[in-house]
Every structure is written in structure tokens, then in C-alpha cells.
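Let's go through this one by question and answer, starting from the backbone and working inward. Have the viewer open as you read.

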Amino acid sequence: MKPNIDQSKILELKTESKLARKDDVETFPMPELQAFGKNIWIIDGPKVRDMGIMFTTRMMIAKLANGSILVNSPVPVPFDTLNRITELGPVKYLVAATPRHVWRLDSWHTLFPEAQLWVPRPTPFTLKKGNLPITGILRDSPNQAWADDFDQLAFKGNPLIEEIMFYHKDSQSVILDDLIQIHPPMKGQPFHNVLFKLEGVESPHGGVGLDLKLTFTHRKLARQSLEKLLSWDFDKLIIAHGPCIEKDAKQFVKQAFHWLMH
Ligand SMILES: [Fe+2]
């Protein structure tokens with residue numbers, strides 16, 4: 001499926017979001033498609049402001065066994081990068097794996113109006129724009145369309161956020177959006193840096209933010225989700241906010257969820 005609008009329109013979309021106001025999106029180097037493993041790529045997007053904090057962003061692109069392309073947590077990209085994505089195959093599935101990223105589907109729905117839109121269970125924490133024609137809700141097992149390529153789980157136990165985590169079989173990677181974050185210090189942003197430290201998400205160790213930890217009210221459900229996550233045979237981790245991990249990722253995830261194991 002080819003995108004249906006021209007280059008000037010795409011560059012407009014970079015700063016078009018009402019949720020991420022123009023002055024909330026920093027200028028950023030032209031994002032490139034980076035191979036992360038067999039049939040999986042990442043693209044780093046601009047920093048955006050959410051709840052007063054600047055976040056780095058990242059999207060994941062996978063080529064499925066059926067030849068089509070699945071995009072998770074899409075970010076704005078220039079025309080050349082968009083062309084490279086469409087050269088990989090038809091973009092058929094646009095996914096927001098966390099309630100905080102649903103708004104990001106809006107621009108990409110404009111680009112690929114025929115692609116299916118999949119989102120997690122809505123919660124009071126859901127951040128979205130307009131009335132997107134959502135195809136369905138992501139659940140605790142993979143959709144038929146991508147079951148050959150991914151396993152998935154809904155990380156339960158928190159009434160505010162039920163994030164979907166994916167296991168990509170070809171690359172033995174876990175894809176996780178919001179629950180674990182790693183924030184390197186930001187130049188000239190002492191307030192943000194103190195906040196990251198207090199939240200326990202500062203670089204290099206990162207982790208699950210304190211506010212999220214405190215809102216996991218159903219620990220038993222959360223532990224069951226963690227058990228399934230750790231049962232996957234993975235070595236690499238793609239996160240939406242912070243550097244990805246290219247080896248020993250399971251050990252890192254165990255450390256990040258240490259607080260839940262007791
Ligand atoms: Fe996020």
C-alpha cells in the first residue's frame with residue numbers, strides 16, 4: 001500500500017499533532033530506518049512532550065511472513081524514509097501497544113487509510129485524537145495476521161495502563177513501549193533529570209517508573225504477565241523511550257521488574 005499524500009504534507013505532519021504542540025516537538029536528525037534483526041527495523045523519532053516531560057520516541061517496523069508490514073508506535077518520518085518502509089512491503093497493520101501512543105496512529109492513518117488500526121484496552125490513561133476507525137483491541141494472544149511472527153501479551157495488573165508486549169520470533173526480541181524506560185541526562189534540563197532520577201528511570205539502568213509501580217494494584221495479575229514475558233526466549237529488547245538492548249536483555253528485564261517479584 002503506497003502512502004496517499006505528498007512530501008510537503010508529510011513534513012507538515014511532523015509538527016501537526018494537537019497533543020504534541022509545535023513547540024513541544026524538538027528539531028531532530030532525519031530519522032533513518034535501522035535494521036534491528038531479521039525482518040525487524042526501528043526508527044528513532046523526535047522528542048515529544050507528554051505530561052510536561054520530554055520523551056525520546058521510537059517506532060518498530062516488522063515484515064510479516066505473509067509479506068505485509070506491521071508498524072508499532074509510529075513516529076513522524078520524512079518522505080525518503082517513508083518510501084523505504086513502503087518498499088519493504090504493503091503497510092497493513094498500524095499498532096499502538098500502549099494507551100499513551102494511540103494518538104500517534106492518527107497521522108499514519110492519514111498516510112495509510114486502508115491499514116488496520118489496533119490498540120490496547122482503553123483506560124483513563126489513553127491518549128488519543130479524534131475518532132479513529134479502530135479495527136480492534138489487542139489482547140493477550142497474537143492476532144491471526146501476525147501469529148507466525150509474534151507472540152504477545154497484555155501486561156495486566158494496572159488499571160491505568162495495560163500495555164501490549166510483543167515477542168518477535170525471527171530476531172528473538174521483545175518489544176515494549178512504556179513500562180520500562182531509560183532516560184539519559186538531557187542537556188539544559190535539570191528539572192527533567194531530577195525527575196528521571198526520582199522516578200528510577202535514569203540512564204544507564206532505567207526501569208519501571210515509580211508512578212507506574214505504585215499503580216499496579218493487582219500484583220498477582222502483574223506477576224502472571226511477568227511470568228509469561230520471562231518465558232519468552234529473548235536476548236534483545238526494543239523500548240520506545242531510551243536505548244535498545246542488543247544482548248542479555250532478559251537479565252535486564254528481570255532487574256527492571258525486581259520490585260514485582262517480592
Ligand atoms: Fe510512551
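A quick definition first: a residue is buried if 20 or more other C-beta atoms lie within 10 Å of its own, exposed if 12 or fewer, and partly exposed in between, with C-beta atoms placed from the backbone. This is a predicted model, so local features need pLDDT of at least 70 and side-chain atom pairs count only at pLDDT 80 or more, while totals for chains, interfaces and linings use all residues. Residues are numbered from 1 along each chain as its sequence is written.

Q: Is Gln 172 buried or partly exposed?
A: Gln 172 sits in the loop between strand 9 (164-168) and strand 10 (173-176); helices (H or I, at least four residues) and strands (E, at least two) are DSSP runs, numbered from the N terminus. Its phi is positive, about 50°, although it isn't a glycine. Gln 172 has 16 C-beta neighbours inside 10 Å, so it counts as partly exposed.

Q: How many other C-beta atoms lie within 10 Å of Ser 73?
A: Ser 73 is in the loop between strand 4 (69-72) and helix 2 (79-88). Its phi is near 50°, a positive value in a residue other than glycine. Ser 73 is buried, and the count within 10 Å is 26.

Q: What is omega for the peptide bond from Ser 203 to Pro 204?
A: Pro 204 belongs to the loop between helix 4 (190-199) and helix 5 (210-214). The bond into it from Ser 203 is cis, with omega near 5°.

Q: Which strands stand at the edges of the seven-strand sheet?
A: Pairing here takes at least two DSSP bridges between two strands. The sheet is open, has the order 1-2-3-4-5-6-7 and mixes its pairing. Two strands have a single partner each, so one side of each is left without a neighbour in the sheet: strand 1 (34-37) and strand 7 (136-137).

Q: Which residue in the hairpin of strand 1 and strand 2 takes a positive phi?
A: Three bridges join strand 1 to strand 2 (residues 40-50), and the two run antiparallel. Ala 35 stands opposite Trp 41 in strand 2. The hairpin has two residues between the strands, and the one with positive phi, near 65°, is Asn 39.

Q: What is the phi of Met 51, in the turn between strand 2 and strand 3?
A: Strand 2 and strand 3 (residues 53-63) run antiparallel and are joined by nine bridges. One pairing to look for is Ile 40 with Ala 62 in strand 3. The hairpin has two residues between its strands, and Met 51 has a positive phi of about 50°.

Q: What is the average twist from one strand to the next in the four-strand sheet?
A: This open sheet has the order 8-9-10-11, with mixed pairing. Strand 8 (150-154) and strand 11 (236-239) are its edge strands, each pairing on one side only. Using axes as lines fitted to C-alpha atoms (for helices over the stretch in contact), and angles from 0 to 180 degrees between N-to-C directions, the twist averages 20°.

Q: Which residue in strand 11 does Leu 176 stand opposite?
A: Strand 10 and strand 11 run parallel and share four bridges. Val 174 faces Leu 237 in strand 11. Within strand 11, Lys 236 and Ile 238 point one way, Leu 237 and Ile 239 the other, and all are buried. The partner of Leu 176 is Ile 239.

Q: Why do the buried residues of helix 7 lie on the same side?
A: The residues are Ala 249, Val 253 and Ala 256 in helix 7 (residues 249-256). What covers them includes strand 10, helix 6 (219-231) and strand 11. Taking the arc from the directions between the helix axis and the C-beta atoms, they share a side because they cover only 60°.

Q: Which residues have the most contacts inside the largest nonpolar core?
A: A nonpolar core is a set of buried Ala, Val, Leu, Ile, Met, Phe, Trp, Tyr and Cys residues joined through C-beta atoms within 7 Å. Contact likewise means C-beta atoms, placed from the backbone, within 7 Å. Leaving aside neighbours within four places in sequence, Ile 61 is in contact with Trp 41, Ile 43, Ile 69, Val 71 and Ile 85. The core has 63 residues, and those with the most contacts are Ile 61, Val 71 and Met 165.

Terms used
Two residues are in contact if their C-beta atoms, placed from the backbone, lie within 7 Å.
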